[in-house]
Structures are given as structure tokens and as C-alpha cells.
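Open the model in your viewer and keep the selection panel at hand. The stops below say what to select next and what is there.

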Amino acid sequence: MWFLRRMLRIPWTAKKTNERVLNEASERRTLVRTIRKRQATFLGHVMRRGKLEHLVTTGKFEGKRSRGRQREKIMDGLATWLGPGKVSDILAAVKDRDLWRDLIANAYKQGT
């Protein structure tokens, strides 16, 4: 963002949001989308495998919860990225590889 502001000659004191700066430069954020896409493909791989990583990502292991605000889980972040639906719907979709690939491709194209 700093680089775009310099190129567009927007002073750092100007109260312009990052979204406005991106619109002026006709750019889109792609890093977050790429990270989410890679997380989703890795999640599909882990869930179909069904080993220890499956237990960790679904949060089905015993122990005490830590104090304070709970951290955002990978499943929660992907549930919001993939669209309206529950985590249980996502876990069901992971079993069918073609359906899972279509979900990821559609979410990536929408750019959310």
C-alpha cells in the first residue's frame, strides 16, 4: 500500500482508505485470496487423509482451553471464505474431491 500511495502521489496524511487507493490504481488484493485457496486445498488433502491433522483442524482433541479470546480456527476462516454454510457442510463437501475443487474455484473467482 505504501508503494501504491507513493506512485499515485497520495500523501500519508490524506485520509484515504486502502480500498480507495486500490480502486484508484485499479488493483485488487490477491495475497489473501491465494492464501485462502492454498489453505482450502491443504484442508481437503488433510481431511481426506483422516489422520492426526484431521483431529487438530476439526478441534476434536481433549485438553483445557486457553484463557482469553479464542483464536480463529482454519475451519472458521474457510467457512466465511467459501460462502454461506456451516463447518459440517464443508466437512461433507471435502469427501467429494470434484465438488471440493469446484467450491474452491468458485470462491477464488468471486474474489472474496
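Start by selecting L43 in this predicted model. Setting aside its neighbours within four places in sequence, L43 is in contact with four residues to add to the selection: T57, M75, L78 and W100.

Now widen the view around L43. Which residues touch the most other members of the largest nonpolar core? They are A40, L43, W81, L82, I90 and W100, in a core of 14 residues. Helices α3, α5, α6 and α7 are the elements that each give two or more residues to this core. The largest share comes from α5, with 5 residues. In soluble globular proteins, nonpolar side chains tend to be buried together.

Select helix α5 next, residues 74-82. Its buried residues are M75, G77, L78, A79, W81 and L82. Show the helices around them: the buried residues of α5 pack against α3 (31-49), α4 (52-58), α6 (87-95) and α7 (97-110). Two residues on this list, M75 and L78, have already come up as contacts of L43. An α-helix has 3.6 residues a turn, so residues three or four places apart point the same way. Then move just past the end of α5 to G83, where phi is positive, at about 120°.

Go back to the other side of α5, to the loop between α4 and α5, and select K73. Is K73 buried or partly exposed? Its relative accessibility is 48%, so K73 counts as partly exposed. Add T58 and draw a distance between the two C-alpha atoms: K73 and T58 are 15 residues apart along the chain, and the separation is 8.6 Å.

Stay with α4 and select L52, which is found in that helix. L52 has a relative accessible area of 61%, so this leucine is exposed. For a second distance, pick A93: the C-alpha atoms of L52 and A93 are separated by 20 Å, with their positions 41 residues apart along the chain.

Leave this part of the chain and look for a second core. It is separate from the one above and has 5 residues, among them L4, I10, V21 and L22.

The next stop is the loop between α1 (2-7) and α2 (18-24), where R9 is placed. What is the phi of R9? It is near 55°, a positive value in a residue other than glycine. Most residues other than glycine have a negative phi, and most peptide bonds are trans. R9 is exposed, with a relative accessible area of 76%.

The loop between α1 and α2 also holds W12. Because its relative accessible area is 78%, W12 counts as exposed. Draw a third distance, from W12 to L99: these residues are 87 apart in sequence, and their C-alpha atoms are 45 Å apart in space.

Move on to the loop between α2 and α3 and select S26. Here too phi is positive in a residue other than glycine, with a value near 50°. S26 has a relative accessibility of 63%, so this serine counts as exposed.

Finally, clear the selection and show the whole chain. How many helices and strands does the chain have? There are 7 helices and 0 strands. Along the sequence, the pattern reads α-α-α-α-α-α-α. The radius of gyration is 18 Å, well over the 13 Å that the globule rule gives for 112 residues, so the chain is more spread out than a compact globule. Along the principal axes, the C-alpha atoms fill a box of roughly 50 × 40 × 20 Å.

With the whole chain on screen, colour by burial. Of the 112 residues, 24% count as buried. The chain exposes about 9,300 Å², and carbon and sulfur atoms supply 53% of that area. Among contacts with a separation of 6 or more, 45% come from residues 24 or more positions apart.

For the last view, colour by charge. The chain has 27 positive and 11 negative side chains. The centres of these two sets lie 7 Å apart.

Conventions. Residues numbered from 1 in each chain as written. Predicted model: local features only at pLDDT ≥ 70, side-chain atom pairs only at ≥ 80, totals over all residues. Heavy atoms only, no water. Helix = DSSP H or I, 4+ residues; strand = E, 2+ residues; numbered from the N terminus. Rg over C-alpha atoms; globule rule 2.2 N^0.38 Å. Buried < 20%, exposed > 50% of the residue type's maximum accessible area, 1.4 Å probe, protein only. Contact = heavy atoms within 4.5 Å. Areas by Shrake-Rupley, 256 points an atom, 1.4 Å probe, with all protein chains shown as cover. Lys, Arg positive; Asp, Glu negative; His and termini not counted. Charge placed at Lys NZ, Arg CZ, Asp CG, Glu CD. Core = buried A, V, L, I, M, F, W, Y, C linked by side-chain atoms within 4.5 Å.
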